[in-house]
Amino acid sequence: MLIAKLEIDGNSEQGYRLSLAAIGAEHFESKKANLPELPPQLNLSFQSWRGDYCDLEPVRRMSRLQPKEIVIKPQSDQPVVTRYSSIQARNQVKQSLNEWLNSGSDSRWQRLREELILLLSRSQGPDEEIRLLLDDENLHLCLYPWQEWELLESRFPQTEIALRIRGKGSDPIKPIIKAPKARILLVEGGNGGLNTHLDVEVVRNLEAKGAEVKYLAQPTREQLSEALRDERGYHIFVFSGHSRSDTDSDTEGKIGWIGLRDDDELSIDEFKRNFRVAINRGLQLALFNSCDGLGLAHQLAELNLPRCIVMQEPIPDEVAVKFIKSFFDEFIRNKSLFAAMHQARTALESFDNPKQYPGVMWLPRLCIRESALSDPLLWEKLIEPKLLSQPTDPKATKSKFQSLSQFLPKYLPILVGILVAGLGWQIYQTLQDQTNSVASNPENCPTQAVPATAKGAKSDECFAGIDVPSGNVLHGGSTTWAPIRERVNPQIEQVHPNYRLTYQQSSNQAPGSGSGIEMLIKNQISFAESSRSLLPEEIQAAANQGFLLKSVPVAIDAIAIVVHPNLDIKGLTIEQLQKIYTGAITNWNQVGGPDLKITPYSRPIESGTTEFFKENILGNAKFDPGVKTISTTTTAISQLSQNLGGIYYATASEVVSQCQIKPLAIQANSTSPLVAPYQEPLVPPGECPQKRNQLNGEAFLEGQYPITRRIFVVIKQDNSVDQRVGEAYADLLLTNQGQQLIQGAGFIPIRSTP
């Protein structure tokens, strides 16, 4: 497991220094650089957002804290902060943050950012999980929403950031102690009108998933003390209710209180001995689904608690409930804390809009001791595996074995014949089932719309169970999507004939993700299809039009690198590929091939595949002038089949099975194995088309193949008919029927199906 660590040192007067390190990586030397000067506008806009957010009427009315007073004290040489609306303040924070982190002409700072990109590229896990540890002992810079940094948002949107919290002394982290069930202590504090019973319901439902929940409702101090000192110990402590942290400038984020009862507020310091007992007996995680909890995390870390999840600011009830449910939904599926946090944070996106709570996705914080990173916390690590049943009487077992040994010689040939025949039939049936699963009507779904409550039409299974608007639907975007559109759209229209889908191409640009998203922003289509994440300028362009954009991932795709079938080369590294397209490598003999000039081909710049390639392979470097632009993949395949020195990249489903070209295996780096985008062995050209190369779906799904990506439906968030149309299309593709059809089109389903 590799984790990137950013350690911040210094202060606003002397300047800040940043160190980049890699936890879990060998042969990585720490890189250091001075951060650009902290712009006054960043802190002023952040404090303005905090004030405006806390002043929102729903936050004041529903939050799990009486909002603290936000005092803004600009220095004498700084302008007085402008008071924005909450969404304007949120956008100003993001803009100021990026102006700070993207600024600076210092070459060491530029090199450090480049090293961070390379390190994060290496740290991607099988589920596209990226872990980043932010280490600022004073916490001040950690309060900013670093996940909004364009470097992370555009290139590594799956990044989850944890804050390092420090303990006292050198006490080692207590190891994870397994138990027959995951032990959870759930404390419902003074609610003061909060809907904390919804949190309680979420946690108590975990008992059906292998948990034992000890529940305390507004306990007395004696009751809490007795529970914390339970000899069996707990794995997880969950608190739901009111909480707060100190706002004093010297101790901000270092001291915390929880509302144990409506008339009793308790500081961690008052109960440190009881909490230390629980920690020594195996407590691994505390989750405070309450407000302003950084002080709680800091104090519990000093007691040697390894991990804590808190909210940075006041949090409304509905958001708190959504978060805790989403978090445990992911965590009990054996996702890491980083992955579960990222999914739970993403689930709050629907609340992060001008009409509700702008910036609310910034609130959840994972706080972790660095020494706890070496032993990741997983749900399966908490629960002992069930013991096998006791063996039967040895004498009886021996007697049965002796009888069987006398029986086998006579009838063994017959049994083997029956077994082989049965196995053959089973294999045949399995192949038939797999073929049928991607046929035109997976799961025998209804061929016309029926109410979602009707038998056989559950909303997560069939197109028939999805409620869709009626009308002519214009959509456009990525050419990577063509196989999906061809297979899926006719089936949708068969079930929903009044939902008529028409692909619309830009009148002045080549088809692609970028042109489709531009058309969506200009209200020329109802939704767009994209083979890459949204760009910051696209998000801003939509905001200028008065709405937000949402990307819904529906499938996993891979980029294949293809050459002439007779070119004698087995594979390339990512670095070699980068150098070929930037002009540093111009002959195949530089990468182990023949003495032959390389002719690189590329898709148009508007293509999402091209933008993904530039960002993730070239690191946003420019293409060499010698790279030839080809309008379509069909044309590129034709060109490549006639040019022994040519090379091209395209979505794997479009090119892996083609007879006229050869896909190459790719290495993430020089020390990693070559991974092919096809199922080995490679089919020789002479055997094609009778036999064709098949996609290496397992390598794509598990992240072994180094050039994979997600593809998205891009939807406007403006409460319009277009929004409902786009959301309906995404919902259709995420049904079991849609995911199976996507698989049949040559892509990897993003969610499992029966």
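**Close-up 1. Helix 22 is largely enclosed by the rest of the structure.** In this predicted model, helix 22 spans residues 736-744, and 7 of its 9 residues are buried, so the rest of the structure largely encloses it. Which residues are these? They are Asn736, Gln737, Gly738, Gln739, Gln740, Leu741 and Ile742. Just look past the end of the helix for Gly746, which follows helix 22 and has a positive phi, near 100 degrees.

**Close-up 2. Helix 13 packs against helix 22.** Here helix 22 meets helix 13 (residues 482-495), at an angle of about 145 degrees and with the axes 8 Å apart. The crossing of helix 13 past helix 22 is right-handed. Which residues make the contact? Helix 13 brings Ile484, Arg487, Val488 and Gln491, while helix 22 brings Leu741, Ile742 and Gly744. Sorted by class, the contact between helix 13 and helix 22 has 4 nonpolar, 2 polar and 1 charged residues. As you trace a helix, it helps to know that an α-helix has 3.6 residues a turn, so residues three or four places apart point the same way.

**Close-up 3. An open sheet is built from 11 strands.** Follow the strands across in the order 3-2-1-4-5-14-13-12-8-6-7, and you will find mixed pairing. Strand 3 (31-34) and strand 7 (211-217) stand at the edges; each has a single partner strand, so one side of each is left without a neighbour in the sheet. From one strand to the next, the twist averages 20 degrees.

**Close-up 4. Strand 6 and strand 7 pair in the parallel sense.** Strands of a sheet pair through backbone hydrogen bonds, either parallel or antiparallel. Strand 6 (residues 182-188) is joined to strand 7 over 7 bridges. To find one of the paired residues, start at Val187, whose bridge partner in strand 7 is Leu216. Helix 6 (residues 196-204) packs on the sheet, where it touches strand 6, strand 7, strand 8 (236-240) and strand 12 (285-289). The direction of helix 6 makes about 170 degrees with that of strand 6.

**Close-up 5. Phe288 belongs to the largest nonpolar core.** This core has 123 residues, and those touching the most other members are Trp146, Phe237, Phe288, Phe327 and Phe328. Which helix gives the most to this core? It is helix 10 (residues 317-331), with 7 residues. Leaving aside neighbours within four places in sequence, Phe288 is in contact with Phe237, Phe239, Ile258, Leu296, Leu300, Cys308, Ile309, Val310 and Met311. Another core, of 47 residues, lies apart from this one, and among its members are Ile561, Val591, Val627 and Ala652.

Notes
Residues are numbered from 1 along each chain as its sequence is written. This is a predicted model: local features need pLDDT of at least 70, side-chain atom pairs count only at pLDDT 80 or more; totals for chains, interfaces and linings use all residues. Side-chain values use heavy atoms; hydrogens and water are left out. A nonpolar core is a set of buried Ala, Val, Leu, Ile, Met, Phe, Trp, Tyr and Cys residues joined through side-chain atoms within 4.5 Å. Buried means under 20% relative accessible area, exposed over 50%, partly exposed in between (1.4 Å probe, protein chains only). Helices (H or I, at least four residues) and strands (E, at least two) are DSSP runs, numbered from the N terminus. Contact means heavy atoms within 4.5 Å. Axes are lines fitted to C-alpha atoms, for helices over the stretch in contact, and angles run from 0 to 180 degrees between N-to-C directions. A crossing is left-handed if the near helix is turned anticlockwise from the far one by less than a right angle, and right-handed if clockwise. Ala, Val, Leu, Ile, Met, Phe, Trp, Tyr, Cys and Pro count as nonpolar, Asp, Glu, Lys and Arg as charged, and the others, Gly among them, as polar. Two strands pair if DSSP finds at least two bridges between them.
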